[in-house]
Amino acid sequence: MRTFFLVASLFLLPATSFAQDSGKGKPAATKKSPFYTMYPSNLAAAAEAYFGQWNKALFKTGPIAEKQARLAAISASAAIRCEYCITAQVLLAKSVGATDDEIKAAIQIAAEVSRFSILLYGNEFGQEKLKTIVETMTKKNAKK
């Protein structure tokens, strides 16, 4: 009986899954970057254009200096627990001069924001109480 199910399941695999793709007939975008193999072929060119534009707008010419933008990206990557993002953003941050200590600080910021968020949420602290405290904190900072 096991043999029957094994053989039957093999027939469920489409024959095209064994075919090798030569890359002919694909949009140029799928040939430029390995990331675009993640997109349906009809979206690959648009994805390539979008990726290039937002990457430049946020990290190269954006309102935040590139190193600080990469550190923010590391913090966000740690918060969402994306191992791919962390790897890429750490390497990219180092390439624009971020130090190990700056990278650790960005990760610590994500950890502390998450920790405190859990404390506030779990204790049902409330937005109004929090706003009052933050207003007091910002008034103190303004006086300095």
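Start with the whole protein chain in view: among its contacts with a separation of 6 or more, 33% join residues that stand 24 or more positions apart. Keep in mind throughout that this is a predicted model. Colouring by secondary structure will show seven helices and zero strands, so that the pattern read along the sequence is α-α-α-α-α-α-α. If you switch on a surface, its accessible area comes to about 11700 Å², and 63% of that belongs to carbon and sulfur atoms, while buried residues make up 17% of the 144 residues in the protein chain.

Next, select L71, I74, V90, A93, A98, I103 and A106, the seven residues of the largest nonpolar core. Helices α4 (66-80), α5 (83-95) and α6 (100-122) each supply at least two residues of this core. Centre the view on V90, which touches I74 and I103 when residues up to four places away in sequence are not counted.

From there, move to Q89, placed in helix α5. Its relative accessibility is 13%, and because the cut-off for buried is under 20%, Q89 counts as buried. Showing the side chains brings out a polar contact of 2.9 Å between the side chain of Q89 and that of R70. Leaving aside neighbours within four places in sequence, the residues in contact with Q89 are F59, R70, A73, I74 and S77.

The charged pairs come next, and the structure holds four salt bridges. Select K67 and E102, whose closest N and O atoms are 3.0 Å apart in one such bridge. K67 lies in helix α4 and E102 in helix α6, so this pair ties together parts that are 35 residues apart in sequence. Both partners are partly exposed, K67 at 21% relative accessibility and E102 at 26%.

For another bridge, select K60 and E66, whose side chains meet at 3.1 Å, N to O; here K60 counts as exposed, with 56% relative accessibility. Then follow helix α6 to R115 and E112, which form a salt bridge at 2.9 Å, N to O, and which, being three residues apart in that helix, are separated by about one helical turn. R115 is partly exposed with a relative accessible area of 43%, and E112 is partly exposed with 33%.

Finally, select C82 and C85. Which of the two classes, buried or partly exposed, applies to C82? At 17% relative accessibility C82 counts as buried, whereas C85, with a relative accessible area of 28%, is partly exposed. The structure has zero disulfides.

Conventions: Residues are numbered from 1 along each chain as its sequence is written. This is a predicted model: local features need pLDDT of at least 70, side-chain atom pairs count only at pLDDT 80 or more; totals for chains, interfaces and linings use all residues. Side-chain values use heavy atoms; hydrogens and water are left out. A nonpolar core is a set of buried Ala, Val, Leu, Ile, Met, Phe, Trp, Tyr and Cys residues joined through side-chain atoms within 4.5 Å. Buried means under 20% relative accessible area, exposed over 50%, partly exposed in between (1.4 Å probe, protein chains only). Helices (H or I, at least four residues) and strands (E, at least two) are DSSP runs, numbered from the N terminus. Contact means heavy atoms within 4.5 Å. A polar contact is a pair of N or O atoms within 3.5 Å; within protein, one must be able to donate a hydrogen and the other to accept it, and residues adjacent in sequence count only if both atoms are side-chain atoms. Accessible areas come from the Shrake-Rupley method with a 1.4 Å probe; for residues, only the protein chains shown count as cover. A disulfide is a pair of cysteine sulfur atoms within 2.5 Å.
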